[in-house]
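Subject: A structure for you to look through

Dear colleague,

I am handing over a structure that I would like you to open and turn around while you read. Below it you will find what turned up, set out topic by topic.

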Amino acid sequence: MEIAVLDRAEARRIAVRAQRLDAAPNEGLVPLVEHLTFLQLDPTAAIAPSADLIAYTRLGPSYRPEHLQEAVERDRTLYELKAQDDPVQPPFAMVRPVSDLTLTLDAMARGPVHAGWRAWLEANPRFRQDVLDRLRDAGPLLSKDIADTAEVPWQSSGWTHAKNVTLLLELLQGRGEVAVAGRIGRQRTWDLAERVYPSGIEVVPEEQAAPLRDAKRLRALGIARPQLVGGAGVPVRVEGSGREWRLDPDALDQPFTGRTALLSPFDRLIHDRVRTQELFGFEYLLEMYKPAAKRRWGYFALPILHDDRLVGKLDAAADRKAGVLRVDAVHEDEPFDAQTCDDVDAAIGDLATWLGLTVERR
């Protein structure tokens with residue numbers, strides 16, 4: 001069968017539209033997360049926490065950070081998870097829609113795929129039971145309020161060393177046995193999953209659920225490399241790219257009206273750097289872990305989306321004590337025309353207003 005070839009501009013528009021970054025209106029936080037499949041959580045707040053910035057770029061100034069907290073802690077329409085199933089990166093924190101639990105609970109119950117985690121769980125049956133009993137009797141609890149009774153401590157040279165309770169809670173969360181009930185400041189409170197998740201969830205067997213999850217992931221991306229979405233969608237090629245891609249066929253021939261948006265460094269539009277380079281011709285690297293003298297674009301530079309192109313990076317930081325969004329630089333990948341300059345300036349002003357700050361340029 002002959003594989004269709006997409007124009008690069010159309011491939012970009014499909015990706016932007018799929019991530020709800022075109023000018024079409026969005027319905028609200030929970031429908032947005034149900035479409036995107038998750039919001040990544042990251043505490044770095046040089047501008048705003050990642051989940052909030054991602055939501056703001058889609059929903060506009062009507063979105064407030066308390067909406068996310070309410071959805072997780074009061075309405076129970078979203079739930080927090082330390083994901084252990086991403087095919088290309090280590091575990092990271094996210095919020096997912098509770099409506100998707102039907103497609104994930106069976107996989108979760110099978111336990112972690114990491115052999116070291118699985119072996120550690122099997123070596124600590126009493127520790128696991130102690131934690132579950134403690135939560136049943138007194139939950140929700142902070143991890144520091146749960147005794148470490150590990151028979152075999154976790155051995156690591158990284159951040160998990162000597163953090164047996166936290167690691168166990170995250171692994172039990174990954175198995176669907178415990179859940180994040182809420183937060184006190186930045187600290188998670190934990191409880192039994194049966195007291196956090198709604199009852200009566202119909203569990204789809206993993207063999208049926210996996211391709212459905214792939215299809216949802218592709219719908220959120222529009223076009224993706226096969227290793228990210230399995231066999232979902234249809235194969236296509238993109239002009240200028242030598243690889244085969246998977247395309248959501250429903251994303252073809254849809255209207256597109258672009259806009260300007262300042263993206264989180266963790267935004268899924270740019271997360272796959274191979275796709276970002278081949279479809280958008282855009283180079284990006286999060287530089288907050290680099291020494292200042294070696295940074296090209298800034299500590300927490302925001303990629304700038306203009307219509308269907310990624311055109312530059314915004315080096316800025318929110319100084320809440322001073323009440324300003326301090327703009328150190330706008331890096332133009334190619335010189336902006338007058339309209340692009342105006343649109344980017346307007347986006348910076350809108351972001352500052354949403355943050356309750358005024359713009360200060362250096």
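In this model, which is predicted, Arg12, Arg13 and Asp308 are joined to one another in a network of salt bridges. Within that network, the contact of Asp308 with Arg13 has its closest N and O atoms 3.1 Å apart. Asp308 sits in the loop between strand S12 (302-306) and strand S13 (309-319), whereas Arg13 belongs to helix H1 (residues 8-18), so this pair ties together parts that are 295 residues apart in sequence. The two partners can also be described by their accessibility: Asp308 has a relative accessibility of 7% and therefore counts as buried, since buried means under 20%, while Arg13, with a relative accessible area of 31%, is partly exposed. As a general point, side chains of opposite charge can pair when their charged atoms come close.

How many salt bridges does the count come to? It comes to 28 salt bridges, and two further examples are worth finding on your screen.

One is the salt bridge between Glu170 and Lys82, where the closest N and O atoms are 3.4 Å apart. Glu170 lies in helix H8 (residues 164-174) and Lys82 in strand S3 (residues 78-83), so the pair ties together parts that are 88 residues apart in sequence. Both Glu170 and Lys82 are buried.

The other is formed by the side chains of Asp100 and Lys216, which meet at 3.5 Å, taken from N to O. This pair links distant parts of the chain, 116 residues apart, because Asp100 is in the loop between strand S4 (92-97) and helix H5 (101-109) and Lys216 is in helix H9 (residues 206-221). Asp100 is buried, and Lys216 is buried as well.

Next come the strands, beginning with S13, the strand that follows the loop holding Asp308. S13 is joined by 8 bridges to strand S14 (residues 324-332), and the two run antiparallel; if you look along them, you will find Ala316 opposite Val327 in S14. S13 and S14 form a hairpin with 4 residues between them, and in its turn Gly323 has a positive phi of about 75°.

On which strand do the 4 bridges from S14 end, and is the pairing parallel or antiparallel? They join S14 to strand S15 (residues 358-361), and these two strands run parallel, with Arg326 standing opposite Glu360 in S15. Helix H13 (residues 338-355) belongs to this arrangement too, for S14, H13 and S15 together make a right-handed β-α-β unit.

A further set of strands has S10 as its shared member. Strand S8 (residues 223-224) pairs with strand S10 (residues 244-247) in the antiparallel sense over 2 bridges, and here Ala224 stands opposite Arg246 in S10. Strand S9 (residues 234-238) is also antiparallel to S10, to which 4 bridges join it, and in this pairing Val234 faces Leu247 from the opposite strand. The hairpin of S9 and S10 has 5 residues between the strands, and Gly240 takes a positive phi near 90° there.

There is also an open sheet of 3 strands, in the order S5-S7-S6, with antiparallel pairing. Its edge strands, each pairing on one side only, are strand S5 (141-142) and strand S6 (178-184). S6 is joined to strand S7 (residues 187-192) by 6 bridges, and Val180 stands opposite Trp190 in S7.

Val180 comes up again when we turn to the empty space inside the model, as it is among the residues that line the second largest cavity. The structure holds 2 cavities of 30 Å³ or more, and about 40 Å³ of space lies in the second largest of them. Its lining also includes Val72, Arg76, Leu78, Tyr79, Glu80 and Tyr197. Which element gives the largest share of that lining? The answer is S3, with 3 residues. By class, the lining has 8 nonpolar and 2 charged residues, and no polar ones.

When you go through the model yourself, you might start from Asp308 and Arg13, which form a salt bridge, and then move on to the strands and the cavity.

With best wishes

Key: Residues numbered from 1 in each chain as written. Predicted model: local features only at pLDDT ≥ 70, side-chain atom pairs only at ≥ 80, totals over all residues. Heavy atoms only, no water. Salt bridge = Lys/Arg side-chain N within 4 Å of Asp/Glu carboxyl O. Buried < 20%, exposed > 50% of the residue type's maximum accessible area, 1.4 Å probe, protein only. 1 Å grid on protein atoms, 1.4 Å probe; cavity = no way out; pocket = protein on both sides within 12 Å on 5 of 7 lines; lining within 4 Å. Points joined across faces, edges and corners; volume = space filled by probe spheres on them. Nonpolar A, V, L, I, M, F, W, Y, C, P; charged D, E, K, R; others polar. Pairing = 2+ DSSP bridges. Right-handed = clockwise from strand over helix to strand, strands pointing away.
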